[in-house]
Every structure is written in structure tokens, then in C-alpha cells.
Amino acid sequence: MKKFIFFLIFLFILVFIAGILTWSNRTGIAAHYLSKALNGVPVSIEKIEYDKPILTVDDLHIGNPKGFKTKTAFKSDTIKVDATWGEIRGDVMTIEEIEISDVLVGLEYYNAAKTKTNWDYILKSSDKEKKKKGPEKNYLIKKLTLKNLQFQTTDHQGKTTSYPSIDRMEFHNISNKSGFPIEEIEKAILNLMLKKALQEYGIKALE
């Protein structure tokens, strides 16, 4: 899950830069670079609009690698990024706010032990890419809001379980120095899984 959060941060930055620099064909080029960065999985973007300082990305869809049983690893209806070009290029890469609405995260296991997933493949960097990486750039996200976050898991036999949505999660001042409050998201998702399991056994879960 930690890898996925860092993926989200840099995904928005990549879309922001690609969208501004290549405005005439922004959706196609941004989707191409995202696909390339994610080991070639299919990526599509319906629309990118920039009304300074807000960049809006509509209908982002990230598919799964070939051979997986489900088609979707991630999708969102709307992503809004509030940042100026100067803030992105600063010594500390600063984003005023990221708001992600109607999010679906799909986690598919491809072994019975549930130790390997689609995201292990999607986020895997090659040895060549690791060597190219320089020092980590400092970043600050002043506010991150997730609205209507949905989560589903699929086992190696193709059985998919969907969990109730999380209406809203909000975080402030996320940086590489402070660390991301990943425990809060993991706790919320684990709570959904627990409630789902209790409901299947006919036991009322505690609120």
C-alpha cells in the first residue's frame, strides 16, 4: 500500500507536467507516459483541463497487466491538482491540494499465499531505471482529499470481493520528511474487510 501512495503522488505530478507542456495532445501523451512508467499497462484519460492554478483530470483508468482476471487496477472520475508551475519546479516541490473523487482501487492476488499482486508488477522498477534515479526531491502536499474511495480484492482463482466505500479521507502537510499517514488508510481498509467478514458470518460489526 505504501508503494501505491507514492505512485499516486508522482502520477499527479507527471500528469500535471505532461498536460501543461503538451497541451495540444495532452490526454494522449499523458496516458502514454503513465503507461510507460507503469510497465506498459493500459492507461486512458478522458480529458485534461487547466484553469490556472487547477489542473483537472477526468476519467483516469489504469488497467491490469496481461494475464490478470480483472481489467482495472485503478480508476477515478475526477482528479484536481492545485499547484503552479513555479511550485512544482521549486526546491521543495509543493502542491497546494490534491482532490481525488470516486476512486476504485483493485488489488488482485496471483498466488494462493496472497503475497504477490498486480500492483507488485505495475510498480516494479527495472534495475536500469533504479540506476537512473538521482537524489530524492523534497515534496510537500499541503492537503490531500480522497472522496468515495472503493476497494476490491480478487484472489488467484478469480473471486472478487468489493467493500463498502469510504466517504471521505483528508490529510494535511504530507512530505518526504514527515512521511505519509499510510496507517490511517490501511486501518480504514482493514476495518472494511473486518466488517465484510463479520457480515458474511451473520455477525453485526461494531461501529
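Me: In which strand is T154 found, and is this residue buried or exposed?
Reply: In this predicted model, T154 is found in strand β6. Its relative accessibility is 3%; the limit for a buried residue is under 20%, and T154 therefore counts as buried.

Me: What makes the approach of T154 to the side chain of T160 a polar contact?
Reply: The two side chains come to 2.8 Å. A polar contact requires a pair of N or O atoms within 3.5 Å, one able to donate a hydrogen and the other to accept it, so the value of 2.8 Å satisfies the distance criterion.

Me: Which residues is T154 in contact with, leaving aside its neighbours within four places in sequence?
Reply: They are T70, L107, E108, Y109, K159 and T160. For L107, the separation from T154 is 47 residues in sequence, while the C-alpha atoms are 6.3 Å apart in space. Contact is judged on heavy atoms within 4.5 Å, so the C-alpha value does not by itself decide the matter.

Me: How do you know that strand β5 and β6 pair?
Reply: At least two bridges are needed for two strands to pair. Strand β5 (residues 97-108) and β6 share ten bridges in the parallel sense, and I98 has L144 as its bridge partner in β6. The pairing therefore follows from the count of ten.

Me: Which sense does the pairing of β4 with β6 take, parallel or antiparallel?
Reply: Strand β4 (residues 93-95) runs parallel to β6, joined by three bridges. M93 stands opposite Y139 in β6.

Me: How many bridges join β6 to strand β8, and how many join β6 to strand β7?
Reply: Eight antiparallel bridges join β6 to strand β8 (residues 166-175), with K143 partnered by H172 in β8. Three antiparallel bridges join β6 to strand β7 (residues 160-162), where S162 is the bridge partner of Q152. Five residues lie between β6 and β7 in their hairpin, and G158 in the turn has a positive phi of about 100 degrees.

Me: Why is T94 called buried?
Reply: T94 has a relative accessible area of 13%. The limit is under 20%, so T94 is classed as buried. This residue is found in strand β4 and touches A83, E87, I88, L140 and K142, not counting residues up to four places away in sequence. In addition, a polar atom of its side chain lies 3.0 Å from the backbone oxygen of V92.

Me: What makes E96 and K142 a salt bridge?
Reply: Their N to O distance is 3.1 Å. The criterion is a Lys or Arg side-chain nitrogen within 4 Å of a carboxyl oxygen of Asp or Glu, so the pair qualifies. E96 lies in the loop between β4 and β5 and K142 in strand β6, so parts 46 residues apart in sequence are tied together.

Me: Are E96 and K142 buried or partly exposed?
Reply: E96 is at 26% relative accessibility and K142 has a relative accessible area of 32%. Partly exposed covers the range between under 20% and over 50%, so E96 counts as partly exposed, as does K142.

Me: How do you know that D58 forms a salt bridge with K47?
Reply: The closest N and O atoms are 3.8 Å apart, and the cut-off is 4 Å, so the pair is accepted. The residues belong to distant parts of the chain, D58 in strand β2 (residues 54-63) and K47 in strand β1 (residues 43-51), eleven residues apart. D58 counts as buried at 17% relative accessibility, whereas K47 counts as partly exposed at 37%.

Me: Which further salt bridge does E99 form?
Reply: E99 forms one with K147, where the closest N and O atoms are 3.5 Å apart. E99 lies in strand β5 and K147 in strand β6, so the pair ties together parts 48 residues apart in sequence. A network of salt bridges also links E97, K143, R168 and E170. A search of the whole structure finds six salt bridges.

Me: Which residues touch the most other members of the largest nonpolar core?
Reply: Of its 40 residues, these are I45, L60, W119 and L144. Strand β6 (residues 139-154) supplies the largest share, six residues. I45 is in contact with residues including A30, L34, V57 and L60.

Methods:
Residues numbered from 1 in each chain as written. Predicted model: local features only at pLDDT ≥ 70, side-chain atom pairs only at ≥ 80, totals over all residues. Heavy atoms only, no water. Core = buried A, V, L, I, M, F, W, Y, C linked by side-chain atoms within 4.5 Å. Buried < 20%, exposed > 50% of the residue type's maximum accessible area, 1.4 Å probe, protein only. Helix = DSSP H or I, 4+ residues; strand = E, 2+ residues; numbered from the N terminus.
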